Amino acid sequence: MKTFISFAAAFTFVASILSFSPSHCSGEVSDFDSIKLYTLKNDSGMTAKVTNYGAIITSLMVPDRNGEHADVVLGYDRLEDYINAVDKPYFGAIVGRYGNRIAKGEFSIDGETYSLAVNNGENHLHGGVIGFDKVVWDVDLFDDHQIVLSYHAKDMEEGYPGNLAVSVTYTLTDDNRIVIDYHATTDKRTPVNLTQHSYFNLKGEGNGTILDHRLTINADRFTPVDAGLIPTGELRSVASTPFDFTTAKPIGRDIHIENEQLTFGGGFDHNWVLNRSESDGELVLAAHVSEPETGRTLTVLTTEPGIQFYCGNFLDGRLRGKSGQAYLHRGGFCLETQHFPDSPNHPEFPSTLLAPGETYQTQTVFAFSTDNVSR
Ligand code: BGC
């Protein structure tokens, strides 16, 4: 049974607050004292660590085919590293109010134009300067298997209209699934596009590149972009292009093919249009990844229409993670389930507009397993 508990009671469940001390932060966060690290665990021995700073998943200990656990997400073990990180890679965070890009940081609703921070070339990225990844969330519920985090974004915070009440629930099931439930309501019409920005390396974080991981994406089309990674509006077939992941192939196999879209992204950094036979809002298979050496697999299911597959093109070895290892170029990949980038400026895309009285409700599942094929 789920119980609502106070912060003080929650601390008794917290495994590793000490290694997460916020003593040397130069960032913008003012209420350090309320930032904690929470550990979820299941009956199969998997653990997930979550902090209420940015609703970040800081660690996922997942077994390989021999039952050996490794941490499969990139990140840090000190809060100050999340706050002070060079180039802020959004490791493990919930990004919003609008995950991904909005062209030139501008959109209009009912004839009114809104201006957002331009924090990525000439465009807006991941909710702005202080997006949901850089704020302190409340913890509404915490037990061994589940944590419910909430955040109230103010009207015009980061330039977006409407007071937005957001909650994100992480549930760790006994069959090694992380189920993520997103929920939001507003008092003014506003775009909302929330996603989870974990960087995975199924060999274990810091363990080389992800180019050998085999990826399938359940999508016949993707949204090509311009040089600033803003969709052109076209839904292009992946057939006969490096973007065809309809059957499993190593991420690195086609990444060096001469292709304008790969040049724009510096590799894969694009949104795929998920195939759905079920009606909108049903949970469908989005992607499957397998790592040949360890046998670990990750299956992503979602109610969302799109998925941004980003293969860590901007990692360059400068950041060192929790094990002290440098995070190499393409040392992790993200599978960000979401609506399409720049939807507020593309009326032909599925709408991201949330109106008062409506409820934003989406679900994404990261399901871990092993392939049991020996080397
Ligand atoms: C974007 C990348 C970006 C990364 C980190 C991804 O969601 O697609 O272009 O570099 O986030 O900000």
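Pro63 stands opposite His69 in β4, in a predicted model for which local features need pLDDT of at least 70, side-chain atom pairs count only at pLDDT 80 or more, and totals for chains, interfaces and linings use all residues. Residues are numbered from 1 along each chain as its sequence is written, and side-chain values use heavy atoms, with hydrogens and water left out. Strands here are DSSP runs of E with at least two residues, numbered from the N terminus, and two of them count as paired if DSSP finds at least two bridges between them. The points below cover the strands on either side of β3, the ligand site, β24 and the nine-stranded sheet.

**Strands β2, β3 and β4**

- Strand β3 (residues 56-63) is mostly covered, with seven of its eight residues buried, where buried means under 20% relative accessible area, exposed means over 50%, and partly exposed lies in between (1.4 Å probe, protein chains only).
- Strand β2 (residues 47-51) is joined to β3 by five bridges in the antiparallel sense, and Ala48 has Leu60 of β3 as its bridge partner.
- The hairpin formed by β2 and β3 has four residues between the strands, and Gly54 in its turn has a positive phi of about 70°.
- On the other pairing, β3 runs antiparallel to strand β4 (residues 69-71) over three bridges; the hairpin of β3 and β4 has five residues between the strands, with Gly67 at a positive phi near 85°.

**The ligand site**

- The ligand is surrounded by Pro89, Tyr90, Arg101, Leu125, His126, His197, Tyr199, Asp269, Gln308, Tyr310, Phe314 and Glu336, a residue being counted as near if one of its heavy atoms lies within 4 Å.
- This shell divides into six nonpolar, three polar and three charged residues, with Ala, Val, Leu, Ile, Met, Phe, Trp, Tyr, Cys and Pro counted as nonpolar, Asp, Glu, Lys and Arg as charged, and the others, Gly among them, as polar.
- Because domain 1 (4-196) and domain 2 (214-370) both give residues to the shell, the ligand lies between them; the domain bounds come from an automatic or database domain assignment.
- Ligand oxygen atoms are found 2.7 Å from a side-chain N or O atom of Arg101, 2.8 Å from one of His197 and 2.6 Å from one of Glu336.
- The protein covers 94% of the 310 Å² of accessible area that the ligand has on its own, as given by the Shrake-Rupley method with a 1.4 Å probe.

**Strand β24 and its partner**

- In strand β24 (residues 334-338), five of the five residues are buried; Cys334, Glu336 and Gln338 lie on one side, and Leu335 and Thr337 on the other.
- In a regular strand the side chains alternate between the two faces of the sheet.
- Strand β23 (residues 306-310) runs antiparallel to β24 and is joined to it by five bridges, with Gly306 opposite Gln338.

**The nine-stranded sheet and Leu285**

- An open sheet of nine strands follows the order β10-β11-β12-β13-β26-β22-β21-β16-β19 with antiparallel pairing, and its edge strands, β10 (138-143) and β19 (249-250), each pair on one side only.
- Within this order, strand β21 (residues 284-290) and strand β22 (residues 296-302) pair in the antiparallel sense over six bridges, and Leu285, found in β21, stands opposite Leu301 in β22.
- Leu285 is partly exposed, at a relative accessible area of 39%, and its C-alpha lies 9.4 Å in space from that of Val365, although the two residues are 80 apart in sequence.

Conventions: A polar contact is a pair of N or O atoms within 3.5 Å; within protein, one must be able to donate a hydrogen and the other to accept it, and residues adjacent in sequence count only if both atoms are side-chain atoms.
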